Amino acid sequence: MLAALYDIVAEQGSTFTLTFVWKDVDGDEVDLTTYDMRINIASAYGEVQTKFGNWDAGTTTQSGDILIGPSDLVTPDGSDGKVEITISASVLALWDYTDYVYTVELTEDAGVVVVRLVQGKFSTLQEIPNA
């Protein structure tokens, strides 16, 4: 399966949230209960990540400045195929006004199975700060 291509534009100083659903070829939601999730953002493909977020399905814990995981992090289920990505306004306010690239990958069986779900450009629009 090739990764879906989806370009993202986020505004500095605003909370960014994106939710998408992974469906199989029959149109049914894929159960993500056992999948770890990660988002990596870099200046270009092949470069070292500059920003990231990780979700560990086994411990239901997050790491990194970007939240990624099942759509309901309070009672994580994952059976509805939904992946949610959130970047707080305070974190985005610190990002450079520039274009990045990103990948979202899901892993299973301690990283033996890796699925690149979506990738594309990640652009930030500069805010006009308050006086």
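Biologist: Why is Arg116 called partly exposed?

Modeller: This is a predicted model, by the way. Arg116 has a relative accessible area of 35%, and since buried means under 20% and exposed means over 50%, the label in between applies.

Biologist: What makes Arg116 and Glu105 a salt bridge?

Modeller: Their closest N and O atoms are 3.4 Å apart. The cut-off is within 4 Å, so the pair counts. Arg116 sits in strand β10 and Glu105 in strand β9, so this salt bridge ties together parts eleven residues apart in sequence.

Biologist: And how do you know that Arg38 and Glu105 meet in a salt bridge?

Modeller: Here the N to O distance is 2.8 Å, and the limit is again 4 Å, so that one counts as well. Arg38 belongs to strand β4 and Glu105 to strand β9, with their places 67 residues apart in the chain.

Biologist: What joins Arg38, Glu105 and Arg116 into one network?

Modeller: Shared salt-bridge partners. Glu105 bridges to Arg38 and also to Arg116.

Biologist: Is Glu105 buried or exposed?

Modeller: Buried: its relative accessible area is 12%, and buried means under 20%, so the label holds. Arg38, at 28%, is partly exposed.

Biologist: Why is Tyr97 called exposed?

Modeller: Its relative accessible area is 52%, and the threshold is over 50%, so Tyr97 passes. You'll find Tyr97 in the loop between α1 and β9.

Biologist: Which residues make the nonpolar surface patch of about 310 Å²?

Modeller: Val9, Tyr97 and Leu125. Membership takes over 30% relative accessible area, so Tyr97 with its 52% qualifies on that count.

Biologist: Going inside, which residues have the most contacts within the largest nonpolar core?

Modeller: Phe16, Trp95, Val104 and Phe122, in a core of 30 residues. Elements giving two or more residues to this core include β3, β8 and β10. Setting aside neighbours within four places in sequence, Phe122 touches Phe16 and Trp95, among others.

Biologist: Which face of strand β3 is covered?

Modeller: The one with Phe16, Leu18 and Phe20; Thr17, Thr19 and Val21 are on the uncovered face. In a regular strand, side chains alternate between the two faces of the sheet.

Biologist: How do you know that β3 and β8 pair?

Modeller: Pairing takes at least two bridges, and these strands have six, in the antiparallel sense, so they pair. Take Phe20: its bridge partner in β8 is Val83.

Notes
Residues numbered from 1 in each chain as written. Predicted model: local features only at pLDDT ≥ 70, side-chain atom pairs only at ≥ 80, totals over all residues. Heavy atoms only, no water. Buried < 20%, exposed > 50% of the residue type's maximum accessible area, 1.4 Å probe, protein only. Helix = DSSP H or I, 4+ residues; strand = E, 2+ residues; numbered from the N terminus. Core = buried A, V, L, I, M, F, W, Y, C linked by side-chain atoms within 4.5 Å. Contact = heavy atoms within 4.5 Å. Patch = residues over 30% accessible without salt bridge, like charges linked within 9 Å, V, L, I, M, F, W, Y side chains within 5 Å. Areas by Shrake-Rupley, 256 points an atom, 1.4 Å probe, with all protein chains shown as cover. Salt bridge = Lys/Arg side-chain N within 4 Å of Asp/Glu carboxyl O.
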